[in-house]
Structures are given as structure tokens and as C-alpha cells.
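Visitor: Could you walk me through this structure? I would like short answers with the reasoning shown.

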Amino acid sequence: MSLLELTDVHTYYGESHILQGVDLAVEESEIVALIGRNGVGKTTTLRSILQLTPPREGTVRFKGEDVTGDSTHDVAGRGIGWVPEERRMFGYLTVEENVRVAVPPEADFEAEREYVFDLFPDLERFREKEARNLSGGQQQMLAIARGMVGNNDLLLVDEPSEGLAPLIVEQVVDALREASAETTLVLVEQNFPLAMDLADRFYLLDHGTVVESGATDGVTADDDRIRRYLSA
Amino acid sequence: MDTVTDTTAAHARDDEHWLREYAREHVPHLLVIALFAVYPPIYGLLLRTPLSAEANAFLPGTTFLIAMLFLGLFAMSFDFISGYTGYLSFGHAAFYGVGAYFIVLVANGDVPGIPAGTPFVITMIVGGLLAFGLALAIGAVSFRLSGVYFAMITLGFAQVAYELVRNWNYVAVNPQDGPTLSGPTPEIGIPYVDSVSIALGRLAGDSFENVLGLGIDISATLTSYYAIGAVVLLSYFAMQRLIHSPFGRVMIAIRENEERAAAIGYNVFWYKMVAFGFSAFFAAIAGALFAAFSRGASPDETFYFLVTADALIVTIVGGIGTLAGPFFGTAFYEWLEDILSSEQGGLAPYLRGILPDGVLTADIAGITIADLINTVVDGRAPLFLGIVFVLFVLFVPNGLLGSVRDRLGNTVGKYVGGRLERYRR
């Protein structure tokens, strides 16, 4: 049984048919990258998993249970974390409050806080600062930290390197590696070499369907089956 | 920012007694409370000095102070839902109206099952719970929408309530004017204990002479001011407590990014519902205080949509999402209204008194200065407030308190607390 399984998922925004039958499976403790050009449905796939945009057809199974049509907070409560694109902080909450709000009431907040502040010492220094006043890289760290607390079994990470300086991207990659020791990761990433470096397997999307998939080992952007879909 | 001293200060705070830290962060609160407490006697003294004309013209009188209190509470309750979850409650007047009408109807013995003599404090709270329930009912439908659609549908509900009470013979003989309170004067205090209950009202309320032998007289109006002020203060601290609780953090998370809050695992629908209920509760308390002090309520002063609009305006002026800001916005509004009306002193009579006759009768392009004062100044508060509102939206979009907080980089309480901490060392 796969940890996450999407079967023939069709998702619409209004009348636009975005996902046109996506099939994918994610096994426990692997890192899976979703790649493809802009607008092929990568983010929509993540939103469909979380039921933020519920699919009209097909099923999403998590830990073997059908979660299609459940409310987002129920799906999240089963152990899925989300690091949304553009980082989307709770800007007017402080760094510490951002972490606190992500820790479920039954979990040990002190332990969780220590865990993320150990991982991201920068965040501890700014713990009393409102998140909107952090730099882009710090915000991304906080977004990842927030996804990591609360015992999630699966973390959906959307465009973690977007808009960040190369040096900061390295830190983010380190953080994601660190996170992958604890949870399974599904990663949407535009930066192809980075995605191949980080992930174990990939799914290549085009026009709302999976067109290629496989292990990332040895796959380069020059690969014919990749280049056809990634170059403009 | 100096991060090194920041962290040492943070560690020092960890070791400190929580009570001392709490007190230090409430220094600004204490100052504001003290200001409102000593203002009336100082105002009274000023009226006996040579500056009396100026004081009368430029400082708010007691009637305006009381309006400041209950309207301020209403504005804060509006900010509680609108500023902290981001859902603009354009129908908030309905909850204010429920609180106001309920205490009048109970006092008049018109509510089956609740005897006319039930203490005001109890009916006020029951009215608040009623508003809480009404908010859940309205929210169950309205929270399926967001943004401008939420604002419009709540406005729609409030207008339905407005039309209902305006035409419902049950609430008053002449429902368009609303009911008047015919029973005994409402009292604030501990129910059923006479010695700790204070009667409200402009003329009929309690008054105290020669308090503590200090030669200070407290008139009936002023007594009401302090009693109502106490309820408003309690309500403020209750709302402040909620906002700083885990519940309040989720409210802010919903405002900042509702999808993200849901994806963390919060049932955002119920968080919004309960927040809406609390804000309705305090709106009803404000309405009850208004009706108790004015000994009656009319549909146009309670359920009408312009009542909500006033709350919206003072919230923008004071700072949306700051809780205390709307109260200061209300104070500013009432102060402006006092200056520009001649109900209690004001600018127009002051100018007429101070300017020599020659100036007043001087003719400029066909009208005299005296006419100009009558036309432009006297009773023109709404006009000037409109201008002030436009200027605020353009130049101070975060409002009074919001701008101060942005400047300090923190809430005023935390900032002042931090400063005091450094002086202590």
C-alpha cells in the first residue's frame, strides 16, 4: 500500500479542466518531485491532495483511506503538511506564534519548538519578530519549519526555491533533506537540476496528465523525453 | 534591530515573575484608564477657571464621553470579527439592536418567561447570549461566502431585522420610534445586592455628593459614565484575552491565509462561527448600555446599517485589527462631533462669543462671517468627519493605533514594557 495514491484525478477551476486524469503514487519516506512547465497542474495536484480544490472525478487515498471530498482540515489532520508557494506566512504573527499555531493542541509545543529552532537557529534569533518583517529566505525557512512540526507523515512543498538567492537555496535544500529524514516529501519545483538532485523519483506533468515518471538517477535536462516537455 | 540585546532580554523575561511582566505590559492600559477616570473632575475644574470658554468649546462634555464608551465598545466588537478574521460584518448593527431592544423589552415586562424586575446585568448578559445565537444562525449561512459577498449577505440579514422591528407592533406601540424603558432605572453592579449596584441615567440615576469627604460631587450622568466605563473596560479585557489566546492566533491565521490555516488542520468554519458569536455578544452588551442610558431604543439608532457604517469609519480611523484602535477612533469622532455641534459648548458659540461684532457682521462676497460660522461649523461634524476619513484612508491607512504600532514595531504595551525593562536595569 502506498502512502499516497491518486487515481484518475480530474480537477477543475470553474469550467477550466486543469487536471485531466492524474495517476501517481508516493511510497513512505521517499522524496518525489513534480516537474513540468508553468500551468500544467503541479500546484493544482497539491491542492487536490489537500482538498483545497476538491477533484470532481477520481480518488485521492492517503494511508489507504479515501479522502476525496473530505474537508481540508480533516485531510490535514491525518498527517499532511503544506508549504505553500510564495511562502504565505501568517505575517502579523511572530515567528514563534507561527510555529505555535502549527503545533496541534495535543502535541508538546516546547519539544516541537526546540526541534525546529535547533534546525533553524536563524529563526530562534528572530522568534519575537513578526513574520512579515523577515527576509525571503527566513520566511521560507519558517514555512518549512511550520510544515515539519506536528508529526506530519507527508509534506507537500510548493516551489521552495522560488525567488531566493543561490546561497539561500542551499540552506533551504539542507532543510528539506533534514525534513525528509522524518517525513515523506512531495516537491513541486521549477529548478530542474535541483529537483533531480533532491528527489528519488519524479513525475513529469503536461496538460494535466502525467507523461513521464521514474527514478531521478542519471536523468538530465538533455534527456529527450524530458526536453520535449520542459523547453518552450 | 539589535538582535543580541533582544535575545538576552528575552531570556531575562523567561526568568522573571509573570505578574511583573504582565503589569509592565499593561502600563499603557493603566495610563488610558487613569486618563478617562480623572478627566471629568479636571474638566469640571477647568470650567471654573478663566479658560472655561476654551475648555467648553474644545474639550468633550460628559454626554459625549458616555456615547464614546458604548459606541467605542460597539466599534471594538466590530473590529474583533472584521479586523481579526478579515470578514467584514456589515450587519453588526443587528447585534447592537438585539442587545438594546432586549433589555428594554425585558424591563417593560414584554418578554414571556423573564420577569420585569430581572436585574439589568443579567438581562444584558442574556441579551448578549441571544446575539451570540443569532450570530451562529447568520454565520451558518454567511460563512459559506467570503470577501464582499460575506459583507453583503450580513448587511442583508441586518436590513431584514431592521425592517422587522420597524414594523412589529409587539416591540412598541409605535415601532418606528422604538420602545421606551418604562420600568425602574437599570443598575450596574452585582445583581440583587443594592449596596453595590449603581443606577444609570442622565437624570434619574444615582449621584454622590462629597465623595470621601473630599468635596467632590459626582452627578448622575457622571456616575453612569463610571459604571458604563467599568463594563466597557471588562469587555475590552475579555476580548483582548481572547485575541491573545490560542483561539485568537487561529483567528489571525484565518485572516492572513485561510487555506493555510485549514491545511494546518483547523476547522476554520467553526473558528469563524465562534469568533462571530463573541463579537456579536459584545456588540449586544454595547447596545444594552446604550439603551439603558438613553432609556429606550429606536430602530434608526440601533438596527440601521449606518450604525455599522459609523463603527466601520471609526475602526478605519483608529486602526483596523488593533482592538483598542477603534475605541480611540470613536473618541476622536465624538470629540470632533462635540466641537462642531453646539449641544454642549462647541466651536460655533465660542467663535460667536470671542469674535468682535465688527468681524461677525463683516460681509464677504454676500455672506457675513456669522452666517459662515452657522453654515460651515455648527453641527457639521459628519461633513468634517467625511473629510477626515478620506484623509485617513489616503495618508494613514493603518489608522491611529495601527500606525503607532508599525512605528514601534510592536504593540504599545510590549514596547513600553520593553522600555521600562531597560530602565529597571
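The questions below go from chain B to the cores, then to chain A and the contact.

Visitor: What is the secondary structure of chain B?
Guide: This is a predicted model. Two kinds of element are counted in chain B, helices and strands. The count comes to 21 helices and six strands.

Visitor: Why is chain B called as compact as a globular protein of its length?
Guide: The globule rule gives 22 Å for 425 residues. The C-alpha atoms fill a box of roughly 70 × 60 × 55 Å along the principal axes. The radius of gyration is close to the rule's value, so chain B is as compact as a globular protein of that length: it comes to 23 Å.

Visitor: Among contacts in chain B between residues at least 6 apart in sequence, what share joins residues at least 24 apart?
Guide: Contact here means C-beta atoms within 7 Å. Contacts between residues under 6 apart in sequence are left out. Of the rest, the share joining residues at least 24 apart is 72%.

Visitor: Which helix of chain B gives the most to the largest nonpolar core?
Guide: That core has 174 residues, and A:Leu156, A:Leu187, B:Ile103 and B:Ile228 touch the most other members. One helix of chain B supplies 18 residues. That is helix 12, residues 268–294.

Visitor: Which alanines does B:Ile103 contact, leaving aside neighbours within four places in sequence?
Guide: The partners of B:Ile103 include B:Phe120, B:Thr123, B:Met124, B:Gly127 and B:Pro186. The alanines on the list are B:Ala288, B:Ala291 and B:Ala292.

Visitor: How many residues are in the other core?
Guide: This core lies apart from the largest one. Among its members are B:Ala57, B:Leu340, B:Val377 and B:Ala381. Its residue count is six.

Visitor: Which strands are the edges of the open sheet in chain A?
Guide: The sheet has four strands in the order 2-1-4-5, with antiparallel pairing. Inside that order, five bridges join strand 1 to strand 4, and A:Leu6 stands opposite A:Val60 in strand 4. An edge strand pairs on one side only, which holds for strand 2 (16–26) and strand 5 (65–66).

Visitor: At what angle does helix 1 of chain A run to strand 2 of chain A?
Guide: Helix 1 covers residues 42–49. It lies across strand 1, strand 2 and strand 4 of chain A. Its angle to strand 2 is about 70°.

Visitor: How many residues on the side of chain A that touches chain B are nonpolar, polar and charged?
Guide: The contact takes 20 residues from chain A and 19 residues from chain B. Helix 2 (72–77) and helix 3 (95–102) of chain A each supply at least two residues of the chain A side. That side divides into eleven nonpolar, four polar and five charged.

How values were computed:
Residues are numbered from 1 along each chain as its sequence is written. Chains are lettered from A and ligands numbered from 1 in the order in which they are written. This is a predicted model: local features need pLDDT of at least 70, side-chain atom pairs count only at pLDDT 80 or more; totals for chains, interfaces and linings use all residues. Two residues are in contact if their C-beta atoms, placed from the backbone, lie within 7 Å. Ala, Val, Leu, Ile, Met, Phe, Trp, Tyr, Cys and Pro count as nonpolar, Asp, Glu, Lys and Arg as charged, and the others, Gly among them, as polar. The radius of gyration is taken over C-alpha atoms; the globule rule is 2.2 Å times the number of residues to the power 0.38. A nonpolar core is a set of buried Ala, Val, Leu, Ile, Met, Phe, Trp, Tyr and Cys residues joined through C-beta atoms within 7 Å. A residue is buried if 20 or more other C-beta atoms lie within 10 Å of its own, exposed if 12 or fewer, and partly exposed in between; C-beta atoms are placed from the backbone. Two strands pair if DSSP finds at least two bridges between them. Axes are lines fitted to C-alpha atoms, for helices over the stretch in contact, and angles run from 0 to 180 degrees between N-to-C directions.
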